[in-house]
Amino acid sequence: MIPILNASAQSGYSLELNVKKQPTDKITVNETGIGLTFFRNIDSKNKITNTIKYKNIGINYSLENYDLQNSLNQFTSFENDFELSHQLTEDTKLNLEINPILNFESNLGISDVSFLGGLEVNHSFNPANTISIGIKRMSPFGKLEILPTFSFHHQINQNAFVNVGFPNSTISYSNSTRNTFSVTNSFNGNFYNLDKPRVLDDLNTATKVSFSQMTSALEYERNMDSNWFVSLKGGYEFNKKYNLTNYSGDSKFDFNSTNGYIFNIGIKYKH
């Protein structure tokens, strides 16, 4: 959930609710998320944005031969994403992100805390073209890794833009001030600590569950009025993985989750 914010405002907030369904042949993942974002322009060079997020994942298994399924069907996440943007020069901007996150099964403990985030530099060659390069600690493949990020943004005209990069890419078009159509591609994943280690056999013990996939989707956002927005998203998830892993993120049990469709409904209030 990444609220679209008005950069010209001095301060404001955004509240967003999303409900997502990810059905496959063997496993259906139902996800509910809430995000509350505050932003403020401190001065002409500095802006802060802080987003508090809650996410709940419920899993339904269509096969009965998973021995662990009765206790692996509910996961929770809390996170606080703080961003500081500093204008270094007229054309170059530095972004700092600090993102502590809590991912757990049922019981919350200090070991469930992980710290994500990183640095990114944005440089504008002209009003239409911007490149961003950075390095972040994140989990797009289902485990914590330090990875490079990059994107190239091209403003085609007043109503359309292209943003190509990793982990997210977008092509967006607005045919009016109230309608926005987007084609997106993203690498996304996460992991959750188990309440207690699962002994799979004499050699393998699992302490986490891991989700990852590449999602290609078509999105539509409708501006109902000056404050309320409704969004619809439908697409397909490729290279979908759902595994039990050890502390290092190495897979110890593969649920063999198949690729499948994704459906998302969202509502957002901005002020």
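A nonpolar surface patch is made of residues with over 30% relative accessible area and no salt bridge, with nonpolar side chains joined within 5 Å. In this predicted model, one such patch covers about 590 Å². Leu15, Leu17, Val19, Ile34, Met224, Trp228 and Ile267 make up the patch. Strand β1 (residues 11-23) supplies its largest share, three residues. Val19 lies in β1. Its relative accessible area is 43%, and because the partly exposed class runs between 20% and 50%, Val19 is partly exposed.

Turning to the interior, the largest nonpolar core has 15 residues. Ile59, Leu72, Phe75, Val209 and Tyr242 have the most contacts inside this core. The elements that each give two or more residues to the core are tabulated here.

| Element | Residues |
|---|---|
| β2 | 27-41 |
| β3 | 46-61 |
| β11 | 179-199 |
| β12 | 205-223 |
| β13 | 228-245 |

Another core, of five residues, lies apart from the largest one; among its members are Ile101, Leu116, Leu147 and Phe166.

Within the largest core, Ile59 can be followed in detail. Leaving aside residues up to four places away in sequence, Ile59 touches Ile27, Thr28, Val29, Leu72, Asn73, Phe75, Phe211 and Tyr242.

Strand β13 also takes part in a hairpin with β14, with five residues between the two strands. β14 spans residues 251-254 and pairs with β13 in the antiparallel sense over three bridges. Leu244 stands opposite Phe253 of β14. In the turn, Gly249 has a positive phi of about 90°.

Methods: Residues are numbered from 1 along each chain as its sequence is written. This is a predicted model: local features need pLDDT of at least 70, side-chain atom pairs count only at pLDDT 80 or more; totals for chains, interfaces and linings use all residues. Side-chain values use heavy atoms; hydrogens and water are left out. A nonpolar core is a set of buried Ala, Val, Leu, Ile, Met, Phe, Trp, Tyr and Cys residues joined through side-chain atoms within 4.5 Å. Buried means under 20% relative accessible area, exposed over 50%, partly exposed in between (1.4 Å probe, protein chains only). Helices (H or I, at least four residues) and strands (E, at least two) are DSSP runs, numbered from the N terminus. Contact means heavy atoms within 4.5 Å. Patches are made of residues with over 30% relative accessible area and no salt bridge: like charges are joined within 9 Å, nonpolar side chains (Val, Leu, Ile, Met, Phe, Trp, Tyr) within 5 Å. Accessible areas come from the Shrake-Rupley method with a 1.4 Å probe; for residues, only the protein chains shown count as cover. A salt bridge is a side-chain nitrogen of Lys or Arg within 4 Å of a carboxyl oxygen of Asp or Glu. Two strands pair if DSSP finds at least two bridges between them.
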